[in-house]
Amino acid sequence: MTDSYAGRTMKVGILTFACDAGLSGIGQYLIRLLREFPQTAADLQFEVIGFHDELEAFLPAGHPYTTHVVCTLWKNPILNITWQNTVLPALCQKRRYDVLFLPAANRRLPLWLPCPTVGTVHDFSSIHVSGKYDPLRDFYIKQVLPFLIRRLTRVIVVSECTKQDVVQYARCLEERVQVILHGVDHNTFFPRDKEDAQRAVCPKYAIRPPYILYLSRIEHPGKNHTRLIQAFAHLKQRTSLPHQLVLAGCDWTRAEVVHQVCQDMGLGDNVRFTGFVEAQDLPSLYCGAELFVFPSLFEGFGMPIAEAMASGVPVACSNCSSLPEIAGDAAAYFDPGDVTDIANVLLEMIDNQSARERCINSGRARAAQFQWSFAADRTIEELIHAVTESA
């Protein structure tokens with residue numbers, strides 16, 4: 001899909017700030033879109049704005065994008081907010097952007113820009129999860145960010161669940177909010193032989209199969225690692241379960257709480273913290289697992305669920321926020337606040353072969369619906385819509 005504006009090619013600025021150098025779900029969202037945009041809108045001109053030590057992580061090899069490099073001195077959150085409200089408006093005018101795309105709009109936004117804006121809000125988790133952030137950041141997200149989101153020309157959300165929050169808490173007009181689901185890279189995430197997958201990753205990350213996998217940054221309390229660890233400990237005490245629990249991801253906010261709970265439960269090497277997992281190892285990590293579990297207290301989408309389903313791995317997950325919307329009938333659900341319920345569902349999904357096969361087959365069909373090419377096409381539509389309705 002292409003378009004022109006005022007007799008010239010439409011120019012789109014893309015801001016990479018608050019996308020975690022590609023290491024988080026939001027970062028992966030931007031990476032996938034940047035790989036699709038050249039095929040989706042070959043006649044649009046894109047310029048990617050970011051720190052010089054991060055741009056390479058976002059841009060595919062041989063990319064057609066022009067770039068604007070920002071000095072890393074502006075990385076500090078307070079300085080970065082200052083940059084977005086002073087330097088960025090002038091940059092938009094100088095570079096003649098017809099529209100600016102802000103893919104991390106639930107984290108950081110400018111007060112005003114001289115061009116139309118489209119921002120993606122991934123979730124409002126801090127509204128639903130008490131204590132997720134420190135008081136200052138919590139105030140910014142709850143009191144300041146809704147006002148800034150309302151000033152966007154168009155708002156993209158990644159699920160109906162998030163749309164409800166944006167309409168209710170940010171008080172955005174519903175017609176300005178568009179749901180565009182994430183995709184899955186089906187060339188990367190597909191079923192593989194389990195033993196081959198385990199041979200590829202288990203020695204590298206000191207994993208002992210069989211294993212239950214949770215892939216997420218180690219964060220407390222939102223990701224709910226602590227109750228999962230407690231549920232797993234109960235299973236170990238009640239049964240002869242041979243499985244290891246693998247918690248894959250970087251330490252993040254209050255990760256020390258998660259590590260301490262594991263130590264207090266006396267689980268030793270029955271729980272494996274892998275730290276950061278390289279992107280090329282993720283498909284084998286999924287496919288080597290007996291079960292993928294996702295006990296998060298709140299998610300705007302839950303990309304690892306879609307990737308696990310595409311990989312042919314049965315999924316057990318929380319019955320709240322967007323997760324039932326994304327997984328549909330392809331997962332086994334539990335109450336993330338109930339340790340006993342988590343343990344019972346895990347055991348059922350390990351022991352019940354018919355339930356496993358149902359989830360595997362339904363999961364692959366469900367995951368096939370998530371396509372990055374479709375997400376990119378719809379995002380371009382929103383960018384063009386923002387320009388035309390502001391003309």
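Which residue of S5 does Phe51 stand opposite? In this predicted model, the residue opposite Phe51 is Val70 in S5. The report begins with the strands around this pair and then turns to the aromatic contacts, the nonpolar cores, the backbone geometry and two individual residues.

## Strand S4 and its partners

Strand S4 spans residues 45-51 and is mostly covered, with six of its seven residues buried. On one side of the pairing list stands strand S3, residues 11-15, which runs parallel to S4 and is joined to it by five bridges. Within this pairing, Val12 is placed opposite Phe46 in S4. The connection from S3 to S4 passes through helix H1, residues 25-40, and forms a right-handed β-α-β crossover.

S4 also pairs with strand S5, residues 66-70; five bridges join these two strands, and they run parallel. The placement of Phe51 opposite Val70 in S5 belongs to this part of the structure.

## Aromatic pairs

Across the whole structure, a search finds eleven aromatic pairs. One of them is formed by Tyr214 and Phe294: the ring centres are 5.6 Å apart and the planes stand at 85°, so the arrangement is edge-to-face, for which the angle must be over 60 degrees. Tyr214 belongs to strand S10 (residues 211-215) and Phe294 to strand S13 (residues 291-294), so this pair ties together parts that lie 80 residues apart in sequence. Both partners can be assessed against the cut-off of under 20% for burial. Tyr214 has a relative accessible area of 1% and is therefore buried. Phe294, at 2% relative accessibility, also counts as buried.

Tyr214 and Phe294 belong to a cluster linked by ring pairs, which also includes Phe189, Tyr286 and Phe292. A contact of another kind involves Phe190, where Arg192 lies over the face of the ring at 4.0 Å from its centre.

## Nonpolar cores

The largest nonpolar core contains 104 residues, and Phe37, Phe101 and Phe292 are those with the most contacts inside it. Beyond its neighbours within four places in sequence, Phe292 is in contact with a set of residues that includes Leu213, Tyr214, Leu215 and Tyr286. Other contacts of Phe292 include Pro304, Ile305, Ala308, Val313, Pro314, Val315 and Ala316. Apart from the largest core lies another, of 32 residues, with Trp83, Leu88, Ile141 and Ala170 among them.

## Backbone geometry

Most residues other than glycine have a negative phi, and most peptide bonds are trans. Several places in the model depart from these patterns. A cis peptide bond joins Pro209 and Pro210, with omega at about 0°. Pro210 is located in the loop between H7 and S10. Another cis peptide bond joins His220 and Pro221, where omega is about 10°. Pro221 is placed in the loop between S10 and helix H8 (225-238).

Positive phi values occur at Asp20, where phi is near 60°, and at Ala21, where phi is near 55°. Neither of these residues is glycine. Asp20 is found in the loop between S3 and H1, and Ala21 lies in the loop between S3 and H1 as well. Ala21 has a relative accessible area of 23%; this value is not under 20% and not over 50%, so the residue is partly exposed.

## Two individual residues

Ala206 is found in the loop between helix H7 (194-205) and S10. With a relative accessibility of 46%, Ala206 counts as partly exposed. Setting aside neighbours within four places in sequence, the contacts of Ala206 are with Gln244 and Arg272. Its C-alpha atom is separated by 26 Å from that of Gly222, and the two residues are 16 residues apart along the chain.

Is Lys163 buried or exposed? Lys163 has a relative accessible area of 15%, which is under 20%, so the residue is buried. Lys163 is located in helix H6 (residues 160-169). Not counting residues up to four places away in sequence, Lys163 touches Val157, Glu174, Val177 and Val179.

Conventions: Residues are numbered from 1 along each chain as its sequence is written. This is a predicted model: local features need pLDDT of at least 70, side-chain atom pairs count only at pLDDT 80 or more; totals for chains, interfaces and linings use all residues. Side-chain values use heavy atoms; hydrogens and water are left out. Buried means under 20% relative accessible area, exposed over 50%, partly exposed in between (1.4 Å probe, protein chains only). Helices (H or I, at least four residues) and strands (E, at least two) are DSSP runs, numbered from the N terminus. Two strands pair if DSSP finds at least two bridges between them. A crossover is right-handed if, with the strands pointing away from the viewer, the path from the first strand over the helix to the second runs clockwise. Rings of Phe, Tyr and Trp (its six-membered ring) pair if their centres lie within 6.5 Å; planes under 30 degrees apart count as stacked, over 60 as edge-to-face and the rest as tilted. A charge sits over a ring if NZ of Lys or CZ of Arg is within 6 Å of the ring centre and within 35 degrees of the ring normal. Contact means heavy atoms within 4.5 Å. A nonpolar core is a set of buried Ala, Val, Leu, Ile, Met, Phe, Trp, Tyr and Cys residues joined through side-chain atoms within 4.5 Å.
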